[in-house]
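Open the model in your viewer and keep the sequence panel beside it. Each stop below says what to select and what is there.

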Amino acid sequence: MKVLLLGEYSRLHNTLKEGLVSLGHEVTLVGDGDGFKNFPVDLSIRPTLVSSFPIKWIRSILFKLFKIDLNLLERGLRFWRYSKRMKGYDVVQLINEKSIKTYPWLERFLLKKIFRNNDKVFLLSCGADTFVVNHFLAKKPKYSILSPYFENPNLKPQVQYILDYQNESHQKTHRLLMNNVAGIIASDYDYVMPLEGHPKFMGLIPNPVNTATIDYKPLEITDKITILLGVNEWNKYAKGIPYFEAALEIINENYADKVEILKVTSLPYQEYIRLYERAHILLDQVLAYDQGYNALEAMARGKVVFTGAEQEFLSYYGLEENEICFNALPDPKDIASKLIELIENPDRIKVIGSNARSFIEREHDYKKVAAQYVQMYTKN
């Protein structure tokens, strides 16, 4: 089977490609590397010209005066340049509703070429999209990535990239997708709830994790317990990072002699991985029901992760509370109390880390997950 994967988000498509290739399929990955994370791709649409001088200066002026973003335009033009090589695939999978991340009108033009020139096209619900944003704006979950905005409307600029999915320019793209995709697949439980009942929703396939390349190292605590918080300034409010920061202040005030706190901002993926090898505990995200990709890779390494693990997720996988990770609630005192529980009972860190690795091998192994995708692709 020839498979074309469009876009990248937290290494999901890279790992899926590894799984599909291991099963004998031919896979091409097109994307920009997911911004500063710079994941590998086969055909790169990463904007490079606009970051060079003097184009960088011209880009700044055009955006200030006319709201023209050459970054978006270059990404779309690079995709168009490769369009002749994106033909004849049995399956195309879009990472989400903005898989190319160019201007909406250009995105639609390019997607139409994809629909014309290939067989089945599938859409992942991964990150924000129309279904997810509508679900959150209706305040159906008890909290979401938009909760900080609901509590403080002044944060609107920080979440505007999420609200943009409601714009008519994007809604045209959404309607094009709904009229042409063969099905929609949720990548974790957060995206199941907004899609329930939709005629094109095909179900949940867990994020793939390549356990063959991620070494599991049983956690050893010889001195201080190391806690790592990685911050992406672009989405820190959507991830609930301020709750973690407030919780760490409590920990630092009372347990500075027992913990080492590492806080890093917007590091490339490989640099981030090297740093978190030192960590025992990883603070991933707050405003979620299920784990994101960063959390899953940390769990595969045997780290204790604070992330989304709500009762709906636990019930789906048949897990007990705090068995494989800690559910990070939007309450700094609750987060701090759970951290204190681990600091005062370090043996629990080792047990949960071991449980986390076993869970990843059971539910997220990249070959098992790739096989689930193949089954979904050939369902109809």
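Select L6 and V30: V30, in strand 2, is the bridge partner of L6. This is a predicted model. Next to that pair, select L5, which stands opposite L29 in strand 2. Now widen the selection to strand 1 (residues 2-6) and strand 2 (residues 26-31), which pair in the parallel sense over five bridges. In general, strands of a sheet pair through backbone hydrogen bonds, either parallel or antiparallel.

Is strand 1 mostly covered or mostly uncovered? Strand 1 is mostly covered, with four of its five residues buried.

Next, show the whole sheet that holds these strands. Seven strands form an open sheet in the order 3-2-1-4-5-6-7, and the pairing is parallel. Which strands stand at the edges? They are strand 3 (43-44) and strand 7 (201-204), and each of them pairs on one side only.

Keep the sheet on screen and add helix 1 (residues 12-22). Helix 1 packs on the sheet and touches strand 1, strand 2, strand 4 and strand 5. The direction of helix 1 makes about 170° with that of strand 2.

On the way from strand 1 to helix 1, stop at S10, which sits in the loop between the two. S10 is not a glycine, yet its phi is positive, at about 60°. Is S10 buried or exposed? The cut-off for buried is under 20% relative accessible area. S10 has a relative accessible area of 16%, so it counts as buried.

Now add helix 16 (residues 366-377). Helix 1 and helix 16 pack with their axes 8 Å apart, at an angle of about 85°. Angles of 65 to 115 degrees count as roughly perpendicular, and the two helices are therefore roughly perpendicular to each other. To see the contact, select L12, T15, L16, E18, G19, L20 and S22 in helix 1, which meet Y366, K367, A370, Y373, V374 and Y377 in helix 16. Colour these residues by class: eight are nonpolar, three polar and two charged.

Move on to the loop between strand 4 and helix 4, where K101 lies. K101 has a positive phi of about 65°, although it is not a glycine. How does K101 count by its accessibility? With 29% relative accessibility, K101 counts as partly exposed.

Follow the chain into helix 4 (104-117). Helix 4 has 14 residues, and the distance from its first C-alpha to its last is 20 Å, close to the 20 Å expected at 1.5 Å a residue. Select its buried residues, which are L106, E107, R108, L110, L111, K113, I114 and F115.

Helix 8 (residues 168-180) can be checked in a similar way. Its 13 residues should span 18 Å at 1.5 Å a residue, and its end C-alpha atoms are 18 Å apart, which agrees. Select H170, Q171, T173, H174, L176, L177 and M178, which are buried in helix 8. What do the buried residues of helix 8 pack against? Show strand 4 (91-94), helix 4, strand 5 (120-125), helix 5 (130-137) and strand 6 (183-186), which are their neighbours in this packing.

Now turn to another sheet. Five strands form this open sheet in the order 9-8-10-11-12, with parallel pairing. Strand 9 (259-265) and strand 12 (326-327) stand at its edges, each with a single partner strand, so one side of each has no neighbour in the sheet. Inside the sheet, select strand 8 (residues 225-231) and strand 10 (residues 281-283), which run parallel and are joined by three bridges. One pair to pick out is L228 and its bridge partner L282 in strand 10.

Helix 12 packs on this sheet, touching strand 10 and strand 11 (304-307). The direction of helix 12 makes about 165° with that of strand 11.

The last stop pairs helix 12 (residues 293-300) with helix 15 (residues 347-363), which pack at an angle of about 115° with their axes 7 Å apart. Helix 12 and helix 15 are therefore roughly perpendicular to each other. Select L296, M299 and A300 in helix 12, and G353, A356, R357, F359 and I360 in helix 15, to see where the two meet. By class, this contact has six nonpolar residues, one polar and one charged.

Notes:
Residues are numbered from 1 along each chain as its sequence is written. This is a predicted model: local features need pLDDT of at least 70, side-chain atom pairs count only at pLDDT 80 or more; totals for chains, interfaces and linings use all residues. Side-chain values use heavy atoms; hydrogens and water are left out. Axes are lines fitted to C-alpha atoms, for helices over the stretch in contact, and angles run from 0 to 180 degrees between N-to-C directions. Angles under 35 degrees count as roughly parallel, over 145 as roughly antiparallel, 65 to 115 as roughly perpendicular and the rest as oblique. Contact means heavy atoms within 4.5 Å. Ala, Val, Leu, Ile, Met, Phe, Trp, Tyr, Cys and Pro count as nonpolar, Asp, Glu, Lys and Arg as charged, and the others, Gly among them, as polar. The expected span of a helix is 1.5 Å times one less than its number of residues. Buried means under 20% relative accessible area, exposed over 50%, partly exposed in between (1.4 Å probe, protein chains only). Two strands pair if DSSP finds at least two bridges between them.
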